[in-house]
Amino acid sequence: MKCPKCGEEMEPGFMMVEGYSANAKWYGKEEERLILGGELIYHGKMWDMDWIESLRCRNCNAVTLFLPRLKAKAVKEKVKTRPPI
Ligand SMILES: [Zn+2]
């Protein structure tokens, strides 16, 4: 696959995620980063590590991640952490 940023060929591999809580959230617009919440897109294992299938561009260091689907439990936790509207 070609890099969407610079057009060079991307290299397949894995990104390792580790730490206390390796959750990742998505914010569609820069302004939304000021608001608590965000969309949970990755729910890591506590005190553990995980390997995420990825593509990496060695030219510009762009990385494409293939995150696993969220389990229903993680989605419920996301709803609980949303601030009241
Ligand atoms: Zn690139």
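Strands, as the term is used here, are DSSP runs of E at least two residues in length, numbered from the N terminus. With that in hand, the predicted model can be walked through from its overall plan to two loop residues.

The protein chain contains one helix and five strands, and along the sequence these elements follow the pattern β-β-β-β-β-α. Of its 85 residues, 5% count as buried. Among contacts between residues at least 6 apart in sequence, 62% join residues at least 24 apart.

Strand β1 offers a good place to look next. This strand spans residues 11–19 and pairs with strand β4, residues 48–56. The pairing is antiparallel and runs over nine bridges; within it, Met16 has Trp51 of β4 as its bridge partner. Burial requires 20 or more other C-beta atoms within 10 Å. Of the nine residues of β1, the number that are buried is zero, so the strand lies largely in the open.

The backbone also holds two points worth a closer look. Most residues other than glycine have a negative phi. Trp47, although not a glycine, has a positive phi of about 55°. This tryptophan is found in the loop between β3 (39–42) and β4. Trp47 has 10 other C-beta atoms within 10 Å, and because 12 or fewer defines an exposed residue, it is classed as exposed.

Asn61 also has a positive phi, of about 70°, and is not a glycine. Its place is the loop between β4 and β5 (63–65). With 10 other C-beta atoms within 10 Å, Asn61 is exposed.

Methods:
Residues are numbered from 1 along each chain as its sequence is written. This is a predicted model: local features need pLDDT of at least 70, side-chain atom pairs count only at pLDDT 80 or more; totals for chains, interfaces and linings use all residues. Helices (H or I, at least four residues) and strands (E, at least two) are DSSP runs, numbered from the N terminus. Two strands pair if DSSP finds at least two bridges between them. Two residues are in contact if their C-beta atoms, placed from the backbone, lie within 7 Å.
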